[in-house]
Amino acid sequence: RSQLDCFHECSCWIMPSSLLTKNRDDLIRFGDYKEEELAICNGTPIKRRKQYEDSKIKVYLMSGDCFAKEWELLPKRVGVLVFDEWHLIGSTHDSQRTQSIYRASRRFKKIKMLTATICRGRYSSAYPAIAIIEPRYFCTYQNFLHYFAVYNRWNQIVAWRNGEKLAAVLERVSSGLKSPDLKLMAPD
């Protein structure tokens with residue numbers, strides 16, 4: 001609510017579909033929003049376009065797939081993105097959804113990722129978040145893999161290394177609990 005009150009910027013909350021209703025109810029209960037100020041964007045394309053044009057709406061709640069397909073349709077007054085359960089939305093660099101989120105991150109400069117599991121087994125699952133938060137750490141996905149992945153002679157990733165470096169990067173770019181020790185791991 002502070003972004004709306006201080007900067008007059010609306011927000012878009014992106015999450016798994018199963019959390020849409022729960023998060024809307026929580027925003028009403030704990031965020032001081034009225035029901036008409038929130039929109040769950042999960043109907044027909046015509047219904048969603050009407051929601052995007054409605055100036056009363058302050059928070060748009062949508063699934064990761066809906067956001068990936070329609071973020072360009074969001075009104076200019078939306079300046080904040082909040083990803084709930086980021087690890088379920090953007091943990092695979094090559095997916096179409098993550099590639100769309102990369103493009104969206106050029107428009108939206110205020111992005112918050114809520115998750116307890118930024119590194120989901122494979123170290124590469126942390127790359128999309130790091131690339132959005134501070135792309136200069138690794139510059140490219142290939143640089144990230146060269147630093148952290150252990151390859152076999154068939155160029156397949158068989159383990160992960162340099163976990164302490166990844167933990168240090170995650171600690172610098174995140175808030176909350178300290179990252180656990182990351183050691184040499186075999187991929188999932």
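This text leads through a predicted model, from its salt bridges to its loops, a hairpin and a pocket.

The charged side chains offer a starting point. Side chains of opposite charge can pair when their charged atoms come close. The structure holds seven salt bridges, and several of them can be followed residue by residue. In helix H2, which spans residues 20-30, the side chains of Asp26 and Lys22 meet in a salt bridge, with N and O 2.7 Å apart. The two residues are separated by about one helical turn, because they lie four residues apart in that helix. Lys22 is partly exposed, its relative accessibility being 45%. This pair also belongs to a wider arrangement, since Lys22, Asp26 and Arg29 are linked in a network of salt bridges.

A further salt bridge joins Asp25 and Arg24, where the closest N and O atoms are 2.9 Å apart. Asp25 has a relative accessible area of 28% and is therefore partly exposed. Arg24 likewise counts as partly exposed, at 22% relative accessibility.

Another salt bridge is formed by Arg97 and Asp65, with 3.1 Å between the closest N and O atoms. This pair links distant parts of the chain: Arg97 belongs to helix H5 (residues 96-107) and Asp65 to helix H4 (residues 64-70), and the two are 32 residues apart. Arg97, at 25% relative accessibility, counts as partly exposed. Asp65 is also classed as partly exposed, with a value of 41%.

Towards the start of the chain, Glu9 provides a further example of a polar side-chain interaction. The residue lies in the loop between helix H1 (2-7) and strand E1 (10-15). With a relative accessible area of 21%, Glu9 is partly exposed; the cut-off for a buried residue is under 20%. The side chain of Glu9 makes a polar contact of 2.7 Å with the side chain of Lys110. Glu9 also stands 5.4 Å from Gly79, C-alpha to C-alpha, although their positions lie 70 residues apart in sequence as a separation.

Ser91 is a loop residue as well, placed between strand E4 (78-84) and H5. What is the burial class of Ser91? Ser91 counts as buried, because its relative accessible area is 5% and the class takes in values under 20%. The side chain of Ser91 reaches the backbone oxygen of His87 at 3.2 Å. Leaving aside neighbours within four places in sequence, Ser91 is in contact with Trp86, Thr98, Arg120, Arg122, Ser124, Ser125 and Pro128.

Backbone conformation is the next topic. Most residues other than glycine have a negative phi. Cys139, a residue other than glycine, has a positive phi near 65°. Its place is in the loop between helix H6 (127-133) and helix H7 (141-148). Cys139 is exposed, with a relative accessibility of 56%. Asn162 also has a positive phi, near 60°. Asn162 is found in the loop between strand E7 (157-160) and helix H8 (163-173), and at 22% relative accessibility Asn162 counts as partly exposed.

Strand E7 also takes part in a hairpin. Strand E6 (residues 149-151) and E7 run antiparallel and are joined by three bridges. Within this pairing, Tyr151 stands opposite Ile157 in E7. Five residues lie between the two strands of the hairpin, and in the turn Asn155 has a positive phi of about 65°.

The last feature is a pocket. The second largest pocket has a volume of about 300 Å³. Which elements give two or more residues to the lining of the second largest pocket? These elements are H5 and H6. H5 gives the most, with five residues. The lining residues include Gln99, Tyr102, Arg103, Ser105 and Arg106. Also among them are Phe108, Lys109 and Ile111, as well as Ala131, Ile132, Ile133 and Pro135. Helix H5 thus appears twice in this account: it contains Arg97, the partner of Asp65, and it contributes to the lining of the second largest pocket.

Note on methods
Residues numbered from 1 in each chain as written. Predicted model: local features only at pLDDT ≥ 70, side-chain atom pairs only at ≥ 80, totals over all residues. Heavy atoms only, no water. Buried < 20%, exposed > 50% of the residue type's maximum accessible area, 1.4 Å probe, protein only. Polar contact = N/O pair within 3.5 Å; in protein donor to acceptor, adjacent residues only side chain to side chain. Salt bridge = Lys/Arg side-chain N within 4 Å of Asp/Glu carboxyl O. Pairing = 2+ DSSP bridges. Contact = heavy atoms within 4.5 Å. 1 Å grid on protein atoms, 1.4 Å probe; cavity = no way out; pocket = protein on both sides within 12 Å on 5 of 7 lines; lining within 4 Å. Points joined across faces, edges and corners; volume = space filled by probe spheres on them.
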